[in-house]
Amino acid sequence: GFSFSKCHAELRVPYDINLIQIWTGEEFGRGARLWTNGYDFYTPTQPLIAHDYTPGKNQKKWNHNQGEYKKSRARLQTILRQDGSDQSEQFLNEIGIKYDIGRKRTLEQYTNFSGIDIM
């Protein structure tokens, strides 16, 4: 993803190091955590950068581990309070306040802002 901010955003809402193997949903989850912690988003009106996904000559391959992916996906679904996810007190305590959604705005407000309903 393309984002930039003042360094305190990284200190207050750090990247969740437990989301191993997450590719799809990483940016949305991070955005939800930043938004619910009170950070605003601004979008350029035109593309500024791009990513070339063409494999390089000596590029290493991604090591897909389905077990790690399933665990991380379940964690992200819990953080985002998705229907069917584990919302038990034990699992939410495992996530902890450091990596959970914030308390300054709600996920419902994020849904309204982004136009994406993930429930």
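The paragraphs below walk through a predicted model, starting from its aromatic rings and moving on to its nonpolar core and one buried threonine.

A good place to begin is Trp35, which belongs to helix α2, the helix that spans residues 26-36. Trp35 counts as buried because its relative accessible area is 9%, and the cut-off for that word is under 20%. In the model as a whole there are six aromatic pairs. One of them joins Trp35 to Phe41, with 6.0 Å from centre to centre and 40 degrees between the planes, which makes the pair tilted. Phe41, with a relative accessible area of 28%, is partly exposed.

Trp35 also pairs with Phe113, and here the two rings are stacked, with their centres 4.2 Å apart and 15 degrees between their planes. This pair links distant parts of the chain, since Phe113 lies in helix α5 (residues 107-114) and is 78 residues apart from Trp35. Phe113 is described as partly exposed because its relative accessible area is 42%, a value in between the limits of 20% for buried and 50% for exposed.

If the view is widened around these rings, Phe28, Trp35, Phe41, Tyr110 and Phe113 are seen to form one aromatic cluster. Trp35 has a charged neighbour as well, for Arg105 lies over the face of Trp35, at 3.8 Å from the ring centre.

From the aromatic cluster we can turn to the nonpolar core. In soluble globular proteins, nonpolar side chains tend to be buried together. In this model the largest nonpolar core has 15 residues, and the members that touch the most others are Phe28, Ala32, Leu76, Leu80, Ile95, Leu107 and Tyr110. Two or more residues are given to this core by each of the helices α2, α3 (66-79), α4 (89-99) and α5. Two of the residues just named, Phe28 and Tyr110, are also part of the aromatic cluster. Leu76, for its part, touches Leu19, Ile22, Gly25 and Gly29, when residues up to four places away in sequence are not counted.

The last stop is Thr78, which is found in helix α3. Is Thr78 buried or exposed? Thr78 is buried, because its relative accessible area is 0%. Once its neighbours within four places in sequence are left aside, Thr78 is in contact with Ser85, Asp86, Gln87, Phe91, Leu92 and Ile95, and among these Ile95 is one of the core residues that touch the most other members.

Technical notes:
Residues are numbered from 1 along each chain as its sequence is written. This is a predicted model: local features need pLDDT of at least 70, side-chain atom pairs count only at pLDDT 80 or more; totals for chains, interfaces and linings use all residues. Side-chain values use heavy atoms; hydrogens and water are left out. Rings of Phe, Tyr and Trp (its six-membered ring) pair if their centres lie within 6.5 Å; planes under 30 degrees apart count as stacked, over 60 as edge-to-face and the rest as tilted. Buried means under 20% relative accessible area, exposed over 50%, partly exposed in between (1.4 Å probe, protein chains only). Helices (H or I, at least four residues) and strands (E, at least two) are DSSP runs, numbered from the N terminus. A charge sits over a ring if NZ of Lys or CZ of Arg is within 6 Å of the ring centre and within 35 degrees of the ring normal. A nonpolar core is a set of buried Ala, Val, Leu, Ile, Met, Phe, Trp, Tyr and Cys residues joined through side-chain atoms within 4.5 Å. Contact means heavy atoms within 4.5 Å.
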